[in-house]
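The following exercises ask the reader to examine a protein chain step by step. Each task is followed by a worked solution.

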Amino acid sequence: INPSAWFFPEMSEKSSDYETVASILATDGWTKTENGYFRSSDSEELTLKILVNADNPEKIRIAQNIAESLNNFGIPASVLQKSFDEYKSYISSKDYELFVGEVNIDSSLDPSFLTASSGNYFGYQSDDMENTLKEMAKTSDSTKMMDLSAQYADIFTDDMPFVPLFFRTQNVIYNKHISGISPPTFYHVYRNMQEWYVSQTR
């Protein structure tokens, strides 16, 4: 959920917790060797390839930074660059381990195409998430919408079907003599425009 949305719930900030990650990997059968790599009981090496659109330098830099973090943690990671058509084909066929992507969410801020049980990019399925999305789509009550958004955020944080890295931002520049402006949002640049006024003339 975009933090600029009026119904955005309060969420605690997540930080890197290497001990928790190591514990999860151990529970899944991976052990850390003296070289810092994780291997399962059959000596299979844990490695990751990060799929990225080769035509997008920005995404490549992001993928390289993620790979560097994983390598620093002890998990060998590399970046797999593919042309945009190949990249889309890999994702649609679910032939990837990790991928770096970007989506545009319309002004309704409906996240269902990312987390509904059918049609998302990740093969993610959750009855709790599905029911919450259906309730969000039906309600027109602002208080209920905020409650449901908090519920959505809790389910998302527990399941984490994907990792949101950032939301793009834009700048709004206006004359210092214009007053009454509320902070604009991504989808409402001219928010409360009817209340703007000129506080000082030249």
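## Exercises on a predicted model

In the protein chain, among contacts between residues at least 6 apart in sequence, 50% join residues at least 24 apart. The model is predicted, and the exercises below refer to it.

**Exercise 1. Describe the overall make-up of the protein chain: how many helices and strands are there, and what percentage of the residues count as buried?**

Step 1. The secondary structure consists of six helices and seven strands.

Step 2. Along the sequence, these elements follow the pattern α-β-β-β-α-β-α-β-α-α-α-β-β.

Step 3. The chain has 202 residues, of which 27% count as buried.

Step 4. The exposed area of the chain is about 14,200 Å², and carbon and sulfur atoms supply 48% of it.

**Exercise 2. Determine which elements the salt bridge between lysine 59 and glutamate 102 links, and whether each partner is buried or partly exposed.**

Step 1. The structure holds five salt bridges. In the one between lysine 59 and glutamate 102, the closest N and O atoms are 2.7 Å apart.

Step 2. Lysine 59 belongs to helix H2 (residues 57-73), whereas glutamate 102 lies in the loop between strand S5 (98-99) and helix H4 (112-115). The two residues are 43 residues apart, and the pair links distant parts of the chain.

Step 3. Lysine 59 has a relative accessible area of 7% and is therefore buried, since buried means under 20%. Glutamate 102 has a relative accessibility of 44%, so this residue counts as partly exposed.

Step 4. Both residues also belong to a network of salt bridges that links Glu58, Lys59 and Glu102.

**Exercise 3. Identify the two lysines that form salt bridges with glutamate 135, and state how exposed each residue is.**

Step 1. One partner is lysine 138, with the closest N and O atoms 3.2 Å apart. Glutamate 135 and lysine 138 are separated by about one helical turn because they are three residues apart in helix H5.

Step 2. The other partner is lysine 144, and here the closest N and O atoms are 3.5 Å apart.

Step 3. Glutamate 135 counts as partly exposed at 28% relative accessibility. Lysine 138, at 62%, counts as exposed, and lysine 144, at 38%, is partly exposed.

**Exercise 4. Locate the patch of negative charge on the surface and state which helix supplies its largest share.**

Step 1. The residues that gather in this patch are Asp127, Asp128, Asp154, Asp158 and Asp159.

Step 2. Two elements give two or more residues to the patch: helix H5 (127-138) and helix H6 (142-159). The largest share, three residues, comes from H6.

Step 3. Consider one member, aspartate 127, which lies in helix H5. Its relative accessible area is 64%, so aspartate 127 is exposed; the cut-off for exposed is over 50%.

**Exercise 5. Examine threonine 132: is this residue buried or exposed, and which residues does it touch?**

Step 1. Threonine 132 is found in helix H5.

Step 2. With a relative accessible area of 1%, threonine 132 is buried.

Step 3. Leaving aside residues up to four places away in sequence, threonine 132 touches Leu148, Gln151, Tyr152 and Ile155.

**Exercise 6. List the residues of the nonpolar surface patch and describe where tyrosine 190 is found.**

Step 1. The patch is formed by Val172, Tyr174, Val189, Tyr190 and Met193. Together, these residues have about 520 Å² of accessible area.

Step 2. Tyrosine 190 is found in the loop between strand S6 (178-179) and strand S7 (197-198).

Step 3. The relative accessibility of tyrosine 190 is 59%, so this residue counts as exposed.

**Exercise 7. State the separation of threonine 33 and glycine 74, both along the chain and between their C-alpha atoms.**

Step 1. Threonine 33 is located in the loop between strand S1 (31-32) and strand S2 (38-39).

Step 2. Along the chain, threonine 33 and glycine 74 are 41 residues apart, while their C-alpha atoms are separated by 9.4 Å.

Step 3. Threonine 33 counts as partly exposed, with 25% relative accessibility.

Definitions and conventions. Residues numbered from 1 in each chain as written. Predicted model: local features only at pLDDT ≥ 70, side-chain atom pairs only at ≥ 80, totals over all residues. Heavy atoms only, no water. Patch = residues over 30% accessible without salt bridge, like charges linked within 9 Å, V, L, I, M, F, W, Y side chains within 5 Å. Areas by Shrake-Rupley, 256 points an atom, 1.4 Å probe, with all protein chains shown as cover. Salt bridge = Lys/Arg side-chain N within 4 Å of Asp/Glu carboxyl O. Lys, Arg positive; Asp, Glu negative; His and termini not counted. Charge placed at Lys NZ, Arg CZ, Asp CG, Glu CD. Helix = DSSP H or I, 4+ residues; strand = E, 2+ residues; numbered from the N terminus. Buried < 20%, exposed > 50% of the residue type's maximum accessible area, 1.4 Å probe, protein only. Contact = heavy atoms within 4.5 Å.
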